[in-house]
Every structure is written in structure tokens, then in C-alpha cells.
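Work through the exercises below with the structure open beside you. Try each task before reading its solution.

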Amino acid sequence: MRFPILLNQLLLLAAASCAFAVIQESITSLPNVTYDFVIVGGAVLANRLTENPRWNVLVLEAGPSHEGVLDARVPAFSFNLQKTIYDWNYTSTAQAELNNRRVLIPRGHILGGCSSINGMFYTRGSSSDYDRWAKVTGDEGWSWKNILPYMLKNEKWTFPSDRRNTSGQYDHRVHGRYGKTFVSLYSVPQAIDAKVCDAVEELGGEFAYNVDTNSGNPLGTGWLQVTVGNGERSSSATSYLGPEYIKRSNLHVLVKNRVTKLLQTTSGGGIPDFRTVEFTEGYDSSGPSYQITATKEIILSAGAFGTPHILQLSGIGDPEVLQSAGVEPIVNLPSVGKNLTDQPQFTTMWPLGITQTFDPTPEYQAQWLAQWHENRTGPLTSVGVNSIAYIRIPDSSPIWNNHSDPTSGPNTPHLEIAIIGGGLYPLPGRIVAMNTVVSEPHSRGSVLIQSSDPFDHPLIDMALLSHPFDMLALKYGATAIKKFLSASTFEEYNLTLAYPFTEESTEEEVDQAIRNVVASNVHPVGTASMSPKDADFGVVDPDLRVKKVSGLRVVDASVMPFITSAHTQAAVYAIAERAADIVAASWRDSKGHI
């Protein structure tokens, strides 16, 4: 049997050692301090709160450190991290509309979380996305006008590693230069780039050129921006917990320690106070278990799956769900784990009918890795996508006869199309791949605890395509892709649609093919969503405090009431930056001092 060990006893022993590394794997290796804030997973808050030297902060990360992990540094190696120790390796429940397939859902099990394993797309969405947050929460601080400064505060715009002239490929007025996270344009040209430009000029309309899709008005075709700097991935771990910050004496980071539940710090009448966290050292239940109490707040930044799971393990959630899992309900918050939103996506593949194409051989890949090690340049600095299109389904579409528009406004795309040409310039790859994403779907799923054992994954129902609009949107995307590739510039490629259906496929065959390949775009949000302060729904107030309790906030993608029409990391960084200001302001004294 494991017994929680009170840390004030262990830390007295640890205080005897005056030398320690700030990223540790055992709490007994840290000095004897009292923590003002304990953060479950979040790097941005850890950085910003420890700017105040009087505040001590402990970060608890379930996964290992990012340090020394090559696949977390080389942009082209990001997919290598899936199905490893650096991935939570979640799998959805059987998805009814996907012919009962279970879908893999990669999530970062590493310091830096998903920013350490994601595809590095830096896309913000539309201004309307954030204005909708402001409207539904009653807090104008979440509007585009007020959240944009936090995006700029996060961002450190930099030149791509090929150091080319990027004039006309972005709008410098909507980017920050002095933040923490590197953002840049593509660094490896593809043969398809020029053809995309030609097609955009020929077709115009919904494919018209957009000089910067991160301006708040993303519609059209533009150059993808990515969280890559100096040829390496820029994650929250490398930026907010970089060497100049991790050495702060008031910042301690504990990896390979999994939070198992939150405990009431006080009991009795009044609002329950949750400022004590219980965690286990190691990757399974065999390690020692500890408890530690924050003097100010616990901040949950465990993501759209981890955060609701921890809340439910702690007795915070829907009483019926908790009781069925053998957990005693303490706080009645039925919205915990509900409203799960993610973007369905699939890829069509178009082989080229020409002989002059490029196929990367093991020899080439070895050369590229040597080049990356030598000077951080070359093909491995690429995420594989250089251009991206955002389009809306026309107002005249018959789709609207039976379905409402799930997007936040007329400047918000229904679809994202990532254009993947591959190859090695000037030769194209053997296949043009077009990835179609429903930016803001109608479907909603859930993340529900299945047992009181914290090492049992929750039941994750992505509910992909559960609303018929989402399938219709994907099919419209496939039609739009055919239109795009019909531009005269692509004629010399002699393209043929080969996967997952063909030009000869019937409507029913197309439907079934899509259902057989659709996957999560791995941008889950909404499972601890914001709502107005006095609302009887939602999980957190607009200041991100968990409703009906004290001492506890949530700062991650789970608080989004609606998904952005984008890859979500830009929005999460902005949420965290604003949250840091909100938290700091809440602990000012009567004279305004922190």
C-alpha cells in the first residue's frame, strides 16, 4: 500500500543539500521552500509568475524533460514522437460515424506539453473567434482587440533559416518581435510553391492571396507561419523554460511526476478550498505518492483531456458521472468534461503523372541530418507545409437549408486546406497531398472518468462527424480542392485523384471512404469552458477560476468555449499570457503592490 508522504518532512532532509538542478525527477531533490503557486503542466505561467522574485512556483509535469530529445528539436521529426513515452497515447471510444473506428489522439507527455510534439503550425484564427469568446463570457478582455497584445507579447518573429527575402509574404504590423516563442515563415522551398501562386492569381475569389492569414482575417491563401526559430522547434519548454529562466531560484520544475487528484485544503462550511495537490513519482502507481499545498493557488494546465480528468478524480464534476466511476462528488459542476470540440480532417492524395519527381532516399536523409547538426539549415527545418488556404462555404450553398453556421462570423473559415508538395526543389514530390480540416465543427464530444484509478485513461468520445454538417463541410472541401488543382498551372503535373476515393467513386463510396479515414486534427478544446461569472453552466469564470471553489484555476485549451478556426497553440499561448496578468493582479495588496 502507498501512503502520501508529507513534504515538509522530506524537504527538511533535502535542505541539507545546497546544490541541485532546477529540473528534477524527485521532490526530495528540491530545496525546502513553501510554494505560492503549484502549476500542473504550464510553462507560460511558471515563467511569468516567477518574474516576481517573492513568489515561489513549482511545476509538475507527468512526462519526461524535453532536454536531449532530438525528435523534439528537429522540425521534420515531429511525427516520430507519437506512440512513444513522449505521447500520452490516448485512443478515443468507438466513433459511431466513423464506422466504429477508434481514433488515435496524440498528446504531449513531455515538458512543454503539446508544444513539444505538435506540427508547429502557428495560426490564430479570425478576430470573430475571440469576439465570440468575449460575448459568451461577458468579458471584453477576451475580444480580439484585447487578446492580440498578448499574442504579440508571446511572439518573437524571426527570419526563416534560409535567410531569404520574405517581403510580401507577411504583414509585420501584426507580429511581435520581443516575445518568447519563435515564429517564422517556411524555410525550405517546394516546387509546388510557384504553382500555388499561379493558381491563386488565376482563380482568385475564395483562393485570393492573403498576405498574412494571422491578421485576424484569415480567408484566402497565404504562407504558413510556424513555431520554428534558428532551424529548431520553439516550444513553451524551450522558450518560457529556457536556460535564462529555468535557473531562477524561485522556479522549480519536477518531471516524471503525475498529478492524481486535488484535495480540499480546508473542510467545513463555505466554499471548498482546493489548494492541495497529490502526485505520484514515476509513470505508474508503484512510485511514492506526495502531497503539497500552495499558499495561493493551484493552476491546472493539463490540457483538454488531463484537466477534466483531474477535476473528476478530485470530486469536481457531474455527480452521476463521478458516482458511476466510484468517486465521491464534492462539487457539482456538470459541465466538466462536456463540450469537447475537435476538428475532423482527412487528406486526399494526387499522384503526379510525370517521371521527373523526387523521392527522399536514406542517403539523402542522412545528409540532411548532418546538415541540420552542422548549421540548423536544410530540409529537416521544414514542417512539410508552406502554404495554406482558408475558405468559406458560399452563402448560396444548399447546406444552409438544413444547417446553421457553426462559425463565429463572416470572416471565419469553414475549412482549412494545407497544401503539401514534398520533393526537393526544383523537383516536385511524387504526390500532391491536400489536407482538409473543418475549422469550427458542429459536433461535440466528452471526456469522462471511467474509474477512480488515476492511471486509467478517461473515456474520450471525440464524436467526430456526429453532426451531419461536418461531413458536408469535408465534402465541400474536397470539391474546392478539385477546383484549385484544376488551375492551368497544374496541367503539366498530370494529377490523378487516387486516395481515399477516385474521380469515379459514387457518392456513397465517397462518404464511406471519408468515414474510413477521418481523424482528429488533435486540437481538443472546451472541456472546462468559460462562462459568465454567475452562469449555471460552464466550468470556469472569465478570470479562469473554477466555479464553486477557491484556490483553483484552469489555464489551457479546455477553457475555450468555442474552438478557434485554427491550430490552437497561438490561442493557448495568448490565454496563458493573459492569465498570468489576471493571476498577478488578483494578488496585489490594497496599495496595488504584488
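The exercises that follow concern a predicted model.

**Exercise 1. Overall form**

Task: Find how many helices and strands the chain has, and judge its compactness from the radius of gyration.

Solution.
- Step 1. Count the elements. The chain holds 13 helices and 27 strands.
- Step 2. Take the radius of gyration, which is 24 Å. The globule rule gives 25 Å for 594 residues. The two values are close, so the chain is as compact as a globular protein of that length.
- Step 3. Box the C-alpha atoms along the principal axes. The box is roughly 75 × 55 × 50 Å.
- Step 4. Check burial. Of the 594 residues, 60% count as buried.
- Step 5. Look at the surface. About 23,000 Å² is exposed, and carbon and sulfur atoms supply 52% of it.
- Step 6. Consider contacts between residues at least 6 apart in sequence. Of these, 71% join residues at least 24 apart.

**Exercise 2. The nonpolar cores**

Task: In the largest nonpolar core, identify the residues that touch the most other members.

Solution.
- Step 1. Recall a general tendency. In soluble globular proteins, nonpolar side chains tend to be buried together.
- Step 2. Go to the largest core, which has 86 residues. Leu 45 and Leu 552 touch the most other members.
- Step 3. Ask which helix gives the most to this core. The helix is H13, residues 569-586, with 11 residues.
- Step 4. List the contacts of Leu 45, skipping residues up to four places away in sequence. Leu 45 touches Ile 39, Ile 299, Val 555, Ala 576, Ala 579, Ala 580 and Val 583.
- Step 5. Move to a second, separate core. This one has 53 residues, including Ala 389, Leu 415, Met 462 and Ala 487.

**Exercise 3. Two residues of one loop**

Task: Decide whether Thr 213 is buried or exposed, then do the same for Ala 208.

Solution.
- Step 1. Locate Thr 213. It lies in the loop between helix H5 (192-203) and strand E9 (220-223). Ala 208 is also found in the loop between H5 and E9.
- Step 2. Apply the cut-off: buried means under 20% relative accessible area. Thr 213 has 5%, so it is buried.
- Step 3. Turn to Ala 208. Its relative accessibility is 30%, so it counts as partly exposed.
- Step 4. Find the partners, leaving aside neighbours within four places in sequence. Thr 213 is in contact with Gly 125, Pro 218, Gly 222 and Tyr 390. Ala 208 is in contact with Val 200, Gly 220 and Thr 221.
- Step 5. Gauge a distance. Ala 208 and Leu 219 are 11 residues apart in sequence, and their C-alpha atoms are 8.3 Å apart.

**Exercise 4. Aromatic pairs**

Task: Work out why the pair Trp 133 and Trp 142 is edge-to-face.

Solution.
- Step 1. Search the whole structure. There are 18 aromatic pairs.
- Step 2. Read off the geometry of Trp 133 and Trp 142. The ring centres are 6.3 Å apart and the planes lie at 70°. Planes over 60 degrees apart count as edge-to-face, so this pair is edge-to-face.
- Step 3. Check their surroundings. Trp 133 and Trp 142 are both buried. With Tyr 130 and Trp 144 they form one aromatic cluster.
- Step 4. Repeat for Phe 358 and Tyr 364. The centres are 4.8 Å apart and the planes are at 70°, so this pair is edge-to-face. Phe 358 is buried at 8% relative accessible area, whereas Tyr 364 is partly exposed at 33%.
- Step 5. Add the charges over rings. Arg 164 lies over the face of Tyr 186, at 3.8 Å from the ring centre. Arg 376 lies over the face of Trp 372, at 3.9 Å.

**Exercise 5. A helix and a strand residue**

Task: Find how many residues of helix H8 are buried, and which residues Thr 436 touches.

Solution.
- Step 1. Go through H8, residues 303-313. Of its 11 residues, 11 are buried, so the helix is largely enclosed by the rest of the structure. Among them are Phe 305, His 309 and Gln 312.
- Step 2. Step past the helix. Gly 315 follows H8, and its phi is positive, near 85°.
- Step 3. Find Thr 436 in strand E23, residues 431-438. Its relative accessibility is 0%, so Thr 436 counts as buried.
- Step 4. List its contacts, not counting residues up to four places away in sequence. Thr 436 touches Pro 344, Gln 345, Phe 346, Leu 415, Glu 416, Leu 474, Gly 477 and Ile 481.

Notes:
Residues numbered from 1 in each chain as written. Predicted model: local features only at pLDDT ≥ 70, side-chain atom pairs only at ≥ 80, totals over all residues. Heavy atoms only, no water. Core = buried A, V, L, I, M, F, W, Y, C linked by side-chain atoms within 4.5 Å. Buried < 20%, exposed > 50% of the residue type's maximum accessible area, 1.4 Å probe, protein only. Helix = DSSP H or I, 4+ residues; strand = E, 2+ residues; numbered from the N terminus. Contact = heavy atoms within 4.5 Å. Phe/Tyr/Trp six-rings, centres within 6.5 Å; stacked < 30°, edge-to-face > 60°. Lys NZ or Arg CZ within 6 Å of the ring centre and 35° of its normal. Rg over C-alpha atoms; globule rule 2.2 N^0.38 Å. Areas by Shrake-Rupley, 256 points an atom, 1.4 Å probe, with all protein chains shown as cover.
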